[in-house]
Amino acid sequence: MSLEQYDLHTHSRYSDGTTSVSEIARLVKAQGLKGFALTDHDTMRGWEEGRSAASELQLDFVPGVELTTRLGSLGVHLLGYGFDSADPRLTLRLRQIREARSHRAEEMVQRLAQDFPIDWEEIVANSSESIGRPHIADALVRQGIVRDRGAAFATLLSHTSKYYVPNDMFDTVEAVEIVTGAGGVTVVAHPAAIRNDEVLDRREIALLVDAGLRGIELRHPENNPQHIPALGQIAKDMDLLITGSSDFHGAGKANRIGDETTDAATVYKLREAMRFPN
Ligand code: AMP
Ligand code: ZN
Ligand code: FE
Ligand code: FE
């Protein structure tokens, strides 16, 4: 592995990771990487801590976010990097999304609470401003109902569970436009994650490229290798940058920092398109 590598997709306690941002920076340093991006779900709360932790360890910090979006019937996670965190259109939309996240999580908890001893207020007290299924999973673990987050996602919280409530408010094209409009660049996260039943096709990716999409996260621990050659060809044809990242969530997932990485030359190209690259 070349010396200059980045991990461009990590989650902290500001959303549904289990570690602090400073701990992420220490792990990045321990892996010998040059830098990392913090991409908490729907929040930029960790950016300041990311910048200072990185500078203390002489790491390069890329500010980011991960947005849960929907393109037709397909769930698409979108990474946004290097945008103005005070952009009015973006901050308004993110506030709406966090509210929708919270309502949706509360609805799932209400359904679960009919059969299991879990309590919404207790979950809120143990989560962040960006609440999601991982926080519900943690409550199920605390109550001894399931062993860990993975077991919760495989059973009670799965999208086929009767307790599941979909989270479908943000259109992918709109999300790409909003992040681009705020001066950032966008990358499709884990486009072939195993939990996806379907994968973006050429026409759909072209739609996103028209809206400003710049990259695709082809290297990700959960990408199904079967879909990678076709997606790689599309990326090449559309001049998309190819990234690799771990999607670290601390103890919440098996993914470790540096499991997949992105070279400095690619980060440089992404940065050239960012108006707020630091
Ligand atoms: P939500 O946004 O509420 O639908 O929850 C999705 C989040 O849960 C994403 O951040 C995923 O990384 C995380 N997640 C999905 N599957 C699992 C799993 N099996 N174990 C732990 N976390 C998961
Ligand atoms: Zn997450
Ligand atoms: Fe994701
Ligand atoms: Fe993620």
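This short tour walks through a metal site and the strands around one of its ligating residues in a predicted model.

**Stop one: the iron ion.** Start by selecting the iron ion (ligand 4). Four residues coordinate it at 2.1 to 2.3 Å: His9 and His11, each through NE2, Glu66 through OE and Asp247 through OD. If you like to work from sequence patterns, these donors are spaced H-x1-H-x54-E-x180-D along the chain. Now turn on angle labels: the angles among the four donor atoms run from 76 to 164°, and the site is irregular. With tetrahedral sites needing all angles between 85 and 135 degrees, this range explains why the site of the iron ion (ligand 4) is not labelled that way.

**Stop two: the other metal.** Add the zinc ion (ligand 2) to your selection. It lies 4.4 Å from the iron ion (ligand 4).

**Stop three: the histidines.** Show the surface next, then look for His9 and His11. Are they buried or exposed? His9 counts as buried because its relative accessibility is 0%, and His11 is buried too, with a relative accessible area of 0%.

**Stop four: strand E3.** Select residues 60-71, which make up strand E3. Eleven of these twelve residues are buried, so the strand is largely enclosed by the rest of the structure.

**Stop five: its partners.** On one pairing, strand E2 (residues 35-38) runs parallel to E3 over four bridges; pick Gly35 and you will find Asp60 of E3 opposite. On another, strand E4 (residues 74-81) pairs antiparallel with E3 over eight bridges, and there Val65 has Gly80 as its bridge partner. Finish at the hairpin turn, where two residues link E3 and E4, and click Gly72: its phi is positive, at about 60°.

Terms used
Residues numbered from 1 in each chain as written. Chains lettered and ligands numbered in written order. Predicted model: local features only at pLDDT ≥ 70, side-chain atom pairs only at ≥ 80, totals over all residues. Heavy atoms only, no water. Donors = N, O, S within 2.8 Å, 3.2 Å for Na, K, Ca; no water. Tetrahedral: all angles 85-135°; square planar, octahedral: opposite > 155°, others 65-115°. Buried < 20%, exposed > 50% of the residue type's maximum accessible area, 1.4 Å probe, protein only. Pairing = 2+ DSSP bridges.
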